[in-house]
Amino acid sequence: MFVTFNVGHFAKLHGQWTAQDRSHAGIVVSSQRPIGDLLRRLLHLAETLDGDATHNRLEFLSDW
């Protein structure tokens, strides 16, 4: 899984790859947040979704 603050670029890239039937390990996008909030949300996501569940998904960290 890849984590980035570059939301616009990677959301667009995810859409392009999906349209081309290309796969990826998963992308997590987020605005910049305080480190404690960022880590809490990432840990919650990692405890909830395993590697298979994140395959080809775009996740917004704000949802976690």
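Two strands count as paired if DSSP finds at least two bridges between them, and in this predicted model β1 and β2 meet that condition with three bridges, in the parallel sense. That pairing is a convenient place to begin the tour.

**The sheet**

Select the three strands together, and you will have an open sheet in the order β1-β2-β3, with parallel pairing. Its edges are β1, residues 2-4, and β3, residues 58-60, each of which pairs on one side only. If you look from one strand to the next, the twist averages 20°. Now add helix α1, residues 7-19, to the selection: this helix lies across β1, β2 and β3, and runs at about 150° to β2.

**Isoleucine 27 and its surroundings**

Next, select isoleucine 27, which belongs to strand β2, residues 27-29. Is isoleucine 27 buried or exposed? Its relative accessibility is 7%, and because the cut-off for burial is under 20%, isoleucine 27 counts as buried. Display its contacts, leaving out residues up to four places away in sequence, and you will find Phe2, Thr4, Phe10, His14, Arg57, Leu58 and Glu59. For a sense of scale, draw a C-alpha to C-alpha distance from isoleucine 27 to histidine 44, which is 17 residues away in sequence, and the value is 15 Å.

**The aromatic pair**

From isoleucine 27, move to phenylalanine 2, which stands opposite isoleucine 27 in β2. Keep phenylalanine 2 selected and add phenylalanine 10, since the structure holds one aromatic pair. That pair is formed by phenylalanine 2 and phenylalanine 10, with 5.0 Å from centre to centre and 40° between the planes, a geometry described as tilted. Colouring by accessibility separates the two partners: phenylalanine 2 is partly exposed, with a relative accessible area of 42%, whereas phenylalanine 10 is buried, at 17%.

**The largest nonpolar core**

Clear the selection and choose Val28, Leu38, Leu45, Leu49, Leu61 and Trp64, the six residues that make up the largest nonpolar core. In soluble globular proteins, nonpolar side chains tend to be buried together. Within this group, centre the view on leucine 45, which, apart from residues up to four places away in sequence, touches Met1, Val28, Glu59, Leu61 and Trp64.

**Two polar contacts**

Go next to serine 30, in the loop between β2 and α2. This serine is buried, with a relative accessibility of 3%, and a polar contact of 3.4 Å joins its side chain to that of arginine 33. Beyond residues up to four places away in sequence, serine 30 touches Thr4, Phe5, Val7, Leu38 and Leu61, of which Leu38 and Leu61 will be familiar from the largest nonpolar core.

Then follow the chain into helix α2, residues 35-48, and select aspartate 37. Which side chain shares a polar contact with that of aspartate 37? The partner is arginine 41, and the contact is 3.0 Å. Aspartate 37 is itself buried, with a relative accessible area of 17%.

**Loops and positive phi values**

The loop between α1 and β2 contains aspartate 21, and its backbone deserves a check, as its phi is near 55°, a positive value in a residue other than glycine. Aspartate 21 counts as exposed, with a relative accessibility of 73%.

Alanine 25 is found in the loop between α1 and β2 as well, and it counts as partly exposed, at 45% relative accessibility. If neighbours within four places in sequence are left aside, alanine 25 is in contact with Met1, Thr54, His55 and Asn56. A distance drawn between the C-alpha atoms of alanine 25 and asparagine 6, which are 19 residues apart along the chain, comes to 17 Å.

The contact with Asn56 leads to the last stop, asparagine 56, which lies in the loop between α3, residues 51-54, and β3. Here too the backbone is worth displaying, for asparagine 56 has a positive phi of about 65° although it is not a glycine. With a relative accessible area of 30%, asparagine 56 is partly exposed.

Conventions: Residues are numbered from 1 along each chain as its sequence is written. This is a predicted model: local features need pLDDT of at least 70, side-chain atom pairs count only at pLDDT 80 or more; totals for chains, interfaces and linings use all residues. Side-chain values use heavy atoms; hydrogens and water are left out. Helices (H or I, at least four residues) and strands (E, at least two) are DSSP runs, numbered from the N terminus. Buried means under 20% relative accessible area, exposed over 50%, partly exposed in between (1.4 Å probe, protein chains only). Contact means heavy atoms within 4.5 Å. A nonpolar core is a set of buried Ala, Val, Leu, Ile, Met, Phe, Trp, Tyr and Cys residues joined through side-chain atoms within 4.5 Å. A polar contact is a pair of N or O atoms within 3.5 Å; within protein, one must be able to donate a hydrogen and the other to accept it, and residues adjacent in sequence count only if both atoms are side-chain atoms. Axes are lines fitted to C-alpha atoms, for helices over the stretch in contact, and angles run from 0 to 180 degrees between N-to-C directions. Rings of Phe, Tyr and Trp (its six-membered ring) pair if their centres lie within 6.5 Å; planes under 30 degrees apart count as stacked, over 60 as edge-to-face and the rest as tilted.
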